[in-house]
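Please open the model in your viewer and keep the sequence panel beside it. The tour below moves from the whole chain to single side chains.

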Amino acid sequence: MLLYCPCTNSTVKPSSVARSPQTAFDNQEYSINKTVITIAALATLLSAPSFAGCKDDIKATRQMIDKDKDKYTLEARNKAKADLLVAETKLLDLNPLPDLDCQKMVREAKAELRKGKK
């Protein structure tokens, strides 16, 4: 399909016709919106499985503390339980990446247990 251009008295292909500035802006805005929606969808998809993974880690560490009371000092068990409690509160925050903070606190709880081995 060819378009007639009265200013040059010739025909041109539609792909070579200059876009209006408003159309270019609309396309840029569409591109930004599409990117934001994609990032939001990925954050939602990635945070849901990690939420369950950290919750399982907290539960397993608590069971390990309760099961092996004789292996750890009272102070180490209390510090580890406090770290696990902080990890649970990190899961309840509105942070889009709760797993990072939660996993960090679970690692700290396990480190406390290692320090306090009898």
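Helices, of at least four residues, and strands, of at least two, are taken here as DSSP runs and numbered from the N terminus. With that in mind, colour this predicted model by secondary structure and follow the chain along its sequence, where the pattern reads β-β-α-α-α, that is, three helices and two strands.

Next, switch on the surface of the whole chain, which comes to about 8,900 Å² of accessible area, with 60% of it belonging to carbon and sulfur atoms. Of the 118 residues in the chain, 21% are buried. If you display contacts between residues at least 6 apart in sequence, 56% of them join residues at least 24 apart.

Now select residues 74-92, which form helix α2, and pick out R77 within this helix. Is R77 buried or exposed? R77 is buried, yet this side chain has no salt bridge, and D70, the nearest side chain of opposite charge, lies 5.9 Å away; a salt bridge is counted within 4 Å, so that distance falls outside the cut-off. Show the neighbours of R77 as sticks: leaving aside residues up to four places away in sequence, R77 touches I65, K69, Y72 and L113.

From there, move to the loop between α1 (21-67) and α2, where K71 is placed. The relative accessible area of K71 is 47%, so this residue counts as partly exposed. Finally, select K71 together with K67, K110, R114 and K117, and return to the surface view, where these residues gather in a patch of positive charge.

Key. Residues numbered from 1 in each chain as written. Predicted model: local features only at pLDDT ≥ 70, side-chain atom pairs only at ≥ 80, totals over all residues. Heavy atoms only, no water. Buried < 20%, exposed > 50% of the residue type's maximum accessible area, 1.4 Å probe, protein only. Lys, Arg positive; Asp, Glu negative; His and termini not counted. Contact = heavy atoms within 4.5 Å. Areas by Shrake-Rupley, 256 points an atom, 1.4 Å probe, with all protein chains shown as cover. Patch = residues over 30% accessible without salt bridge, like charges linked within 9 Å, V, L, I, M, F, W, Y side chains within 5 Å. Charge placed at Lys NZ, Arg CZ, Asp CG, Glu CD.
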